[in-house]
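Reader: Could you take me through the nonpolar core of this one, up close? I'd like to see how that part sits in the whole chain.

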Amino acid sequence: MFVPALVDLHHGVNTWKTFISCSIFTIFTGGIMMMITSKEDGFNINIKEGFLLTSLTWVVLSLFAALPFYVAHMDLGITNSVFEAVSGITTTGSTIFTNLDNTEPGILTWRALLQWLGGIGIIVTAMSLFPFLKVGGMQLFKTESSENEKALPRAAQLAATISIIYFSLTFVCAFSYRVAGLPMFDAILHAMTTIATGGFSTRDASIGAFAGTHADLVAVIFILISALPFVLYIKALRGNTDALWKDTQVRTFLGIVLFSALLLATYNILKNEGDAYTSLRDAIFQVTVIITGTGYGIHDVDKWGTFATVLIFLLMFIGGCSGSTTCSVKVFRYQILFSTVKNQIKNLIHPSGVFPVKYNGRPVSNDVPISVAGFVFLYFTTFAGLAVLLLATGLDPLTAISGAATSISNVGPGLGPIIGPHGTFAPLPDISKWILIAGMLLGRLELFTFFVLIMPQFWRDK
């Protein structure tokens, strides 16, 4: 909170006092918690404590992150403040702000900083805690930092390495935005939300406000970089430079992006008689920001036609690679499901045959396909439940269904005139926003991490 305070102080805006007071309160609370829980001999985390730590940390951080929005005399109220904070820290990108062009620089910096911290937070969580907790097939990505319950030192080392890579990518991205023509302030904040695949912007028109520059191309390049597994970047730094290109998840993800972009561009050219170069450029941008959950906007996709709207909606449920800053189901789970279905068909043809499910050319343990299938079922069941609840609050079907999809997939904008790329979530009823808040947290923490907490057995078993 000192960072946006300094930004406001530099620009002569009084909001810096808000950030200082909120930071003092946060430091005091955190200091008390550290004092009453510190142990000289350290501590270990078991599975039950791991689930509690993962879930409650993100909830508590979101509540403290909402303080500046609530205290800043912007008449946001508790609901809007929490909504914006949760959207930021989960890197969703949905917003209730309607006049970003005239918003104080400190508030804009705080929004970007929340997404930047949330991006690196989910990478560390996905690489060190989710495999340990066996969430949705993530045990497939066990590393030295998640092999047992005494992994804190290795997890800290992993977090430090990721932080260096993350910060370096942010610096290069900001420099690229500046070269592309963005003002320094906009370049830095957009770099933070780009690397986090978050989508918060400093302008109401998002990346579209910088028409005539190459900002969209810079965004596409660094969003795709951030959508790949960061563990492969670590391997590359250690000399294994071929790991990135040999990974089937990476190749599949990039193939989906390219195929979808070509499909969307072709449709736009034939249906709307668009220019070939412009259509392809816009299609690549639109596909990239939606499939990765970044949520930047240039054009109103609803005007491209029904096919484009349906394609964009489906891309919300794909996501990027595991161990990245992206969200949604993730590509590797679809690969596991596809391999499982293919083997089931083979078993029908050859009942006595043995066909192990493989990933990256290697057989996976039997619990992985079951975990993945359970996750995907729970994911779409939760999506349906969120959509029904939103419909019950009085929203129209398009807003309710796309709102449910964009919250659980942490995409950002939805579809339609209200929450579409050029709309905001401000007009929605407060009850709808709280449902979306729950959806954003559920989606970011891979569902099981939260749902296990409501099971009676979780609290009874020792």
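**The core and its setting**

Author: Sure, let's start with the whole chain: it has 21 helices and two strands (DSSP runs numbered from the N terminus, helices being H or I with at least four residues and strands E with at least two). Its radius of gyration is 22 Å, close to the 23 Å that the globule rule gives for 462 residues, so it's as compact as a globular protein of that length (C-alpha atoms only; the rule is 2.2 Å times the number of residues to the power 0.38). This is a predicted model, where local features need pLDDT of at least 70 and side-chain atom pairs pLDDT 80 or more, while totals for chains, interfaces and linings use all residues. Residues are numbered from 1 along each chain as its sequence is written, and side-chain values use heavy atoms, without hydrogens or water.

Buried residues (under 20% relative accessible area, 1.4 Å probe, protein chains only) make up 54% of the chain. Now for the core itself: the largest nonpolar one has 133 residues, meaning buried Ala, Val, Leu, Ile, Met, Phe, Trp, Tyr and Cys joined through side-chain atoms within 4.5 Å. Helix 6, residues 105-133, gives the largest share of this core, with 17 residues.

Ile 162, Tyr 177, Phe 230 and Phe 253 have the most contacts inside the core. Take Phe 253: beyond its neighbours within four places in sequence, it's in contact (heavy atoms within 4.5 Å) with Leu 224, Ala 227, Leu 228, Ile 291, Thr 292, Gly 319, Gly 320, Cys 321 and Val 331. Across the chain, 69% of the contacts with a separation of 6 or more link residues 24 or more positions apart.

Terms used
Buried < 20%, exposed > 50% of the residue type's maximum accessible area, 1.4 Å probe, protein only.
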